[in-house]
Amino acid sequence: MKRAKLLMAELRSLTDEVNAFQEGTSGHVVVGTLISASVSLLPKAIRLLKQRAPSVMVSLRVGQMDQLFPAVEVGDVDLVVGRVPDDWRWRDEANSLTVDTLYSEELCIVAGAKHPLHESQSLTLEKLHPFPWVLPTRESLLRRTADKLFAEEGLTVPSNVVESLSILTNLTLMQDQETVALMPYEAASPFAEAGLLKVFKLGKSLAFGDIGCFSASGRELGPAAKLFRECLKEA
């Protein structure tokens, strides 16, 4: 089965090459992504791609890295865009994947724009702790960061928690003006600019890690995937 998937990936790359030769840049690129990257970075990259090659079809697959890494290894996905795990070089996929680092991601704590603590002086995580929280699911890299954040402040994980990676669900929950969430800054920014959310001012930055573009080491990308990778770097 794995060999068949690899052959299908090679065939898709070959088809892209033929199309690019006959019609200019065209074809199909399949991109795996975490939800956070799909909010800001990917739309920018897709717009750039469509300006240069309108006939290229882009398919997005949202999932966790433990699902997406195997998919890019066997050729189901051309590229994966997401956080570079701190320990990924020590894992099984390290020898079969390469990564281009795109930018460093920061986190922020947010709530509805009218949450009562937005105007609080000397705001701390301890003051936010009793409120309802939306946190990432336990298997996600972001959840590990969230748990570490509370531990560093000498706090337990809040007891009133909804676990969710659905940005639209989380956004709706926060409109009660009570619920608090931890989000990548790039994911929260469009909603903050629209007045739906507001970032709490804690007086310090919350580092998350590098966001990168992963591809299979032993397989040549087709023209469409190569162009999209360049658009990601530019975006």
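Student: Why is F69 called buried?
Tutor: Its relative accessible area is 2%, and buried means under 20% (exposed is over 50%, partly exposed in between; 1.4 Å probe, protein chains only), so F69 counts as buried. This is a predicted model, where local features need pLDDT of at least 70, side-chain atom pairs count only at pLDDT 80 or more, and totals for chains, interfaces and linings use all residues. Residues are numbered from 1 along each chain as its sequence is written, and side-chain values use heavy atoms, leaving out hydrogens and water.

Student: What makes F69 and F214 an edge-to-face aromatic pair?
Tutor: Ring centres of Phe, Tyr and Trp (its six-membered ring) must lie within 6.5 Å, with planes under 30 degrees apart stacked, over 60 edge-to-face and the rest tilted. F69 and F214 have 4.8 Å centre to centre and 70° between the planes, so the pair meets both cut-offs. The pair links helix α4 (residues 65-74) with strand β9 (residues 206-216); helices (H or I, at least four residues) and strands (E, at least two) are DSSP runs, numbered from the N terminus.

Student: How do you know that the buried residues of α7 share one side?
Tutor: In helix α7 (residues 167-174), they are I167, N170, L171 and M174. They cover an arc of only 100° around the axis, taken from the directions to the C-beta atoms, which puts them on the same side. On the other side, L168 and T172 are exposed.

Student: What makes R83 sit over the ring of F208?
Tutor: The rule wants NZ of Lys or CZ of Arg within 6 Å of the ring centre and within 35 degrees of the ring normal. R83 lies over the face of F208, at 4.7 Å from the ring centre.
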